[in-house]
Amino acid sequence: MKQLVYILVLGILAVSCKTQSTIVTSKEEAKSRGLYSYNEEKSVTKSKKKSTKKKASKNSLAYQIIDKAMEYRGVKYRTGGTTKSGMDCSGLVYASFKSFDINVPRTSSSLADQGRKVNKNNASPGDLIFFKTNGSRSINHVGIITEIVDDEIKFIHASTSSGVIISSTAERYFEKTYAQINRLIE
């Protein structure tokens, strides 16, 4: 008797599942059914307005330095290193600026004394962002700001555990260890 009930229930489920699917598998299908009304052009314009507020010209020296730093993504961490065979955080800054004949100090703490300090709200891509990590009372880590979206600052740096990567001040660790931002390129 139990088996008969199970077979009957399964049969009913199988028949009822053969109705037309309401699953949408593409944006085009959603548009054709009238389920998608998001205006992409308007959104792109809005996001450009937000992000361009704090950006210099894409052809500026700051962006050229950022592009150079991005070429080092994935390079392993090596204390004192300044090449693609390995680099530390200040080595990344040093090598990126050096490629444009700009000489900067070789340590994070020395870099922190260069340029002009700027408020977090006035930061721009190409500025240097500094941290006091591992409980240090003095600056011991640096990165190059790559992007600013609303209150989040993204930066490229050399991490001891992951090598050259992009991180964000939205990450709790960097939010807690943030020290200052300096502008070397006006």
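**Reading a predicted protein model**

Mentor: The structure holds 5 aromatic pairs. Please keep in mind that this is a predicted model.

Trainee: What kind of aromatic pair do Phe155 and Phe174 form?

Mentor: One considers the distance between the ring centres and the angle between the planes, and planes over 60 degrees apart count as edge-to-face. For Phe155 and Phe174 the centres are 5.1 Å apart and the planes stand at 85 degrees, so the pair is edge-to-face.

Trainee: Which parts does the pair of Phe155 and Phe174 tie together?

Mentor: Phe155 belongs to strand 6 (residues 152-159) and Phe174 to helix 7 (residues 172-177), so the pair links parts that are 19 residues apart in sequence. Both Phe155 and Phe174 are buried.

Trainee: Which residues form one aromatic cluster with Phe155 and Phe174?

Mentor: Phe131, Tyr173 and Tyr178 join Phe155 and Phe174 in one aromatic cluster. Tyr178 has a further partner: the charged end of Lys120 sits over the ring of Tyr178, 4.3 Å from its centre. Elsewhere, Lys84 lies over the face of Tyr72, at 5.9 Å from the ring centre.

Trainee: How should I read burial, and is His141 buried or exposed?

Mentor: Burial is read from relative accessible area: under 20% is buried and over 50% is exposed. His141 has a value of 9%, so this residue is buried. His141 is placed in strand 5 (residues 141-149).

Trainee: Which side chain does His141 join through a polar contact?

Mentor: The side chain of His141 is joined to that of His157 by a polar contact of 2.8 Å. Beyond its neighbours within four places in sequence, His141 is in contact with several residues, including Cys89, Phe131, Thr133, His157 and Phe174. In this list you will recognise Phe131 and Phe174 from the aromatic cluster.

Trainee: How much space lies in the largest pocket?

Mentor: The largest pocket holds about 240 Å³ of space. It is lined by 14 residues, and those closest to its centre are Thr133, Asn134, His141, Thr160 and Tyr173. Two elements, strand 6 and helix 7, each give two or more residues to this lining. The largest share, 3 residues, comes from strand 6.

Trainee: How many residues of helix 5 are buried?

Mentor: Helix 5 (residues 89-98) is mostly covered, with 8 of its 10 residues buried. Among them are Cys89, Leu92, Val93 and Phe97. Cys89 is also one of the residues in contact with His141.

Trainee: What share of the whole protein chain is buried?

Mentor: Of the 186 residues in the protein chain, 34% are buried. The chain has 7 helices and 8 strands. Contacts can also be described by separation in sequence: among those between residues at least 6 apart, 51% join residues at least 24 apart.

Trainee: How far apart are Lys117 and Ile181 in sequence and in space?

Mentor: Lys117 and Ile181 are 64 residues apart in sequence, while their C-alpha atoms are 5.7 Å apart in space. Lys117 lies in strand 3 (residues 116-118) and counts as exposed, at 57% relative accessibility. Not counting residues up to four places away in sequence, Lys117 touches Gln180, Ile181 and Asn182.

Trainee: Is Gln180 buried or exposed?

Mentor: Gln180 is buried, with a relative accessible area of 12%. Its place is in strand 8 (residues 178-183). The side chain of Gln180 reaches the backbone oxygen of Ala112 at 3.0 Å, and a polar contact of 2.9 Å joins it to the side chain of Asn182. Outside four places in sequence, Gln180 touches residues including Lys117, Leu128, Phe130 and Ile139.

Trainee: Which value does phi take at Asp101 and at Asp150?

Mentor: For a residue other than glycine, one notes whether phi is positive. Phi is near 60 degrees at Asp101 and near 55 degrees at Asp150. Asp101 lies in the loop between helix 5 and helix 6, whereas Asp150 lies in the loop between strand 5 and strand 6. Asp101 is exposed, with a relative accessible area of 72%, and Asp150 is partly exposed at 45%.

Key
Residues numbered from 1 in each chain as written. Predicted model: local features only at pLDDT ≥ 70, side-chain atom pairs only at ≥ 80, totals over all residues. Heavy atoms only, no water. Buried < 20%, exposed > 50% of the residue type's maximum accessible area, 1.4 Å probe, protein only. Helix = DSSP H or I, 4+ residues; strand = E, 2+ residues; numbered from the N terminus. Phe/Tyr/Trp six-rings, centres within 6.5 Å; stacked < 30°, edge-to-face > 60°. Lys NZ or Arg CZ within 6 Å of the ring centre and 35° of its normal. Polar contact = N/O pair within 3.5 Å; in protein donor to acceptor, adjacent residues only side chain to side chain. Contact = heavy atoms within 4.5 Å. 1 Å grid on protein atoms, 1.4 Å probe; cavity = no way out; pocket = protein on both sides within 12 Å on 5 of 7 lines; lining within 4 Å. Points joined across faces, edges and corners; volume = space filled by probe spheres on them.
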